[in-house]
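Dear colleague,

I am handing over the structure below, together with some notes on the charged side-chain contacts found in it. Please read them alongside the coordinates.

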Amino acid sequence: MATDTNSFLSINAASGAYRASQDMTAAPVANLGSDESKPSFADMVAQAGSDAVQTIREAEVTAQTGLRGNADTQAVVEATLELDSTVKTAVAVRDKLVEAYQEIIRMPI
């Protein structure tokens, strides 16, 4: 389970690095009528990572409470299924990001 959490944290770190690189750009990209209130891609990725980590933490707390006998079995099963779904989604997103990065690296200059 620790490696899955590290994957989420690395997604969060990658989005933070992306955001930092965007802050260092010399000239901003022309605004094509976009609304300033819309979140950037990096913000959406960071929020998704944070939400995934929060879901994992909540599922672990529910499982521990269930092991102590203080939670309903149904709640533990639901938390475990939500955790499983979150991990699968995060791994799929990570794989797609790595695949996209590898494609960019292969592009001729």
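With which residue does E103 form a salt bridge, and how far apart are the closest N and O atoms? Please bear in mind that this is a predicted model. The partner of E103 is R106, and the closest N and O atoms of the pair are 2.7 Å apart. Both E103 and R106 belong to helix α3, where they stand three residues apart, about one turn of the helix. As for their surroundings, E103 is partly exposed, with a relative accessible area of 42%, whereas R106 has a relative accessible area of 56% and is exposed.

In total, the structure holds three salt bridges, and the pair just described is one of them. Another joins the side chains of D84 and K88, with an N to O distance of 3.4 Å. These two residues also lie in helix α3, which covers residues 73–106, and they are four residues apart, again about one turn of the helix. Here D84 is partly exposed at a relative accessible area of 35%, while K88, at 57%, is exposed.

The remaining salt bridge brings together the side chains of D95 and R94, at 3.2 Å from N to O. D95 counts as partly exposed, with a relative accessibility of 39%, and R94 is likewise partly exposed, its relative accessible area being 29%.

As general background to these contacts, side chains of opposite charge can pair when their charged atoms come close.

With best regards

Note on methods: Residues numbered from 1 in each chain as written. Predicted model: local features only at pLDDT ≥ 70, side-chain atom pairs only at ≥ 80, totals over all residues. Heavy atoms only, no water. Salt bridge = Lys/Arg side-chain N within 4 Å of Asp/Glu carboxyl O. Buried < 20%, exposed > 50% of the residue type's maximum accessible area, 1.4 Å probe, protein only.
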